[in-house]
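The following paragraphs go through a predicted model of a single chain. They take loops, helix packing and individual residues in turn.

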Amino acid sequence: TLNSLPSTFFSLTGFYFFKKFMNTKLEKNLFFSSILLGCGFLIRNDIILIVIPIFIVFLYLLRNNEHKIRKFVTFVIPLFSFYFISLLEEYVKFHNIPFNRVISFIDPTTQSSTDTFFENIFGLLFSPGVGLFIFVPILLTVFFSFPQFYKKHKIESLLFISVAGLFIINSASLQSWHGLVSWGPRYLIPV
């Protein structure tokens, strides 16, 4: 879809400023990160799958910082304001505020009767017709290069694994994970 490119741009730029915050501890980088991640969320709601791991890393980094409350407010207030803007937009469109629409993880009622969750994950990654590693075989090099990257950048590598894992889990929980009758694996573009 056309919203993948701008949402990925905002997510990557938001991560860039978050990384700058990790290195410099400047609150302006944290604020820009929050604003950019919020803009990405307004464009595409599944960016919450990127925001959640970044927020967990932020809480982990915050424990050793001074001015914890000010940094927490600098990051959280813009994120929640974008969330409330999305709720307002939803209310204006449909005269309804759906509090459960942000993310839908594994729901047994959405699973098809013949597929299991792990079969869906395997299909998303290795299926001959729609698998991610079949269409992008260069991704297999991740398994060889990841240990060295992990030694140098532990927090970032755990962040990348959690974001990719959340996107795969979310896509595998869909009934039509294969995308032959819907959008399917194309939702893995931000990964």
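**Loops, helices and their packing**

His 67 sits in the loop that runs between α3 and α4. Its phi is near 60 degrees, which is a positive value in a residue other than glycine. With a relative accessible area of 44%, His 67 is partly exposed, since that class lies between under 20% for buried and over 50% for exposed. A second residue with this backbone feature is Lys 25, not a glycine either, whose positive phi is about 65 degrees. Lys 25 belongs to the loop between α1 and α2, and at 34% relative accessibility Lys 25 also counts as partly exposed.

These loops belong to a chain with 8 helices and 0 strands. Read from the N terminus, the order of elements is α-α-α-α-α-α-α-α. The chain has 191 residues, of which 41% count as buried. Take the contacts between residues at least 6 apart in sequence: 60% of them join residues at least 24 apart.

How are two packed helices described? The angle between their axes and the distance between the axes serve for this. Helix α2 (residues 27–43) packs against helix α4 (residues 68–94) with an angle of about 15 degrees and an axis separation of 9 Å. Because angles under 35 degrees count as roughly parallel, α2 is roughly parallel to α4. The crossing of α2 past α4 is right-handed. On the α2 side, the contact is made by Glu 27, Leu 30, Phe 31, Ser 33, Ser 34, Ile 35, Leu 37, Gly 38, Cys 39, Phe 41 and Leu 42. On the α4 side, the residues are Arg 70, Lys 71, Thr 74, Phe 75, Pro 78, Leu 79, Phe 82, Tyr 83, Ile 85 and Ser 86. Sorted by class, the contact of α2 with α4 holds 13 nonpolar, 5 polar and 3 charged residues.

Helix α2 also packs against helix α3 (residues 48–62), where the axes come within 10 Å and cross at roughly 155 degrees. Angles over 145 degrees count as roughly antiparallel, and α2 and α3 are therefore roughly antiparallel to each other. Their crossing is left-handed. From α2, Leu 30, Leu 37 and Phe 41 take part in the contact, and from α3, Ile 48, Ile 50, Val 51, Ile 54 and Phe 58. What is the class make-up of the contact of α2 with α3? Its residues divide into 8 nonpolar, no polar and no charged. Leu 30, Leu 37 and Phe 41 of α2 are also among the residues in the contact with α4.

Further along the chain, helix α7 (residues 142–152) packs with α8 at an angle of about 130 degrees, their axes 6 Å apart. That angle makes α7 and α8 oblique to each other. The residues of α7 in this contact are Phe 146, Phe 149, Tyr 150, Lys 151 and Lys 152, and those of α8 are Lys 154, Glu 156, Ser 157, Leu 158, Phe 160 and Ile 161. By class, the contact of α7 with α8 comprises 6 nonpolar, 1 polar and 4 charged residues.

Two residues of α8 have C-alpha atoms whose distances to residues far back in the sequence can be checked in the model. Ser 162 lies in helix α8 (residues 154–172). The C-alpha atoms of Ser 162 and Pro 53 are 6.5 Å apart, although 109 residues separate them along the chain. Ser 162 is partly exposed, with a relative accessible area of 26%. Asn 170 also has its place in helix α8. Between the C-alpha atoms of Asn 170 and Leu 49 the distance is 8.7 Å, with their positions 121 residues apart along the chain. Is Asn 170 buried or exposed? At 16% relative accessibility, Asn 170 counts as buried, because the cut-off for buried is under 20%.

The last residue to inspect is in the N-terminal part of the order. Thr 8 has its place in helix α1 (residues 4–24). A polar atom of the Thr 8 side chain lies 2.7 Å from the backbone oxygen of Ser 4. Thr 8 is buried, at a relative accessible area of 18%.

Note on methods: Residues are numbered from 1 along each chain as its sequence is written. This is a predicted model: local features need pLDDT of at least 70, side-chain atom pairs count only at pLDDT 80 or more; totals for chains, interfaces and linings use all residues. Side-chain values use heavy atoms; hydrogens and water are left out. Helices (H or I, at least four residues) and strands (E, at least two) are DSSP runs, numbered from the N terminus. Buried means under 20% relative accessible area, exposed over 50%, partly exposed in between (1.4 Å probe, protein chains only). A polar contact is a pair of N or O atoms within 3.5 Å; within protein, one must be able to donate a hydrogen and the other to accept it, and residues adjacent in sequence count only if both atoms are side-chain atoms. Axes are lines fitted to C-alpha atoms, for helices over the stretch in contact, and angles run from 0 to 180 degrees between N-to-C directions. Angles under 35 degrees count as roughly parallel, over 145 as roughly antiparallel, 65 to 115 as roughly perpendicular and the rest as oblique. A crossing is left-handed if the near helix is turned anticlockwise from the far one by less than a right angle, and right-handed if clockwise. Contact means heavy atoms within 4.5 Å. Ala, Val, Leu, Ile, Met, Phe, Trp, Tyr, Cys and Pro count as nonpolar, Asp, Glu, Lys and Arg as charged, and the others, Gly among them, as polar.
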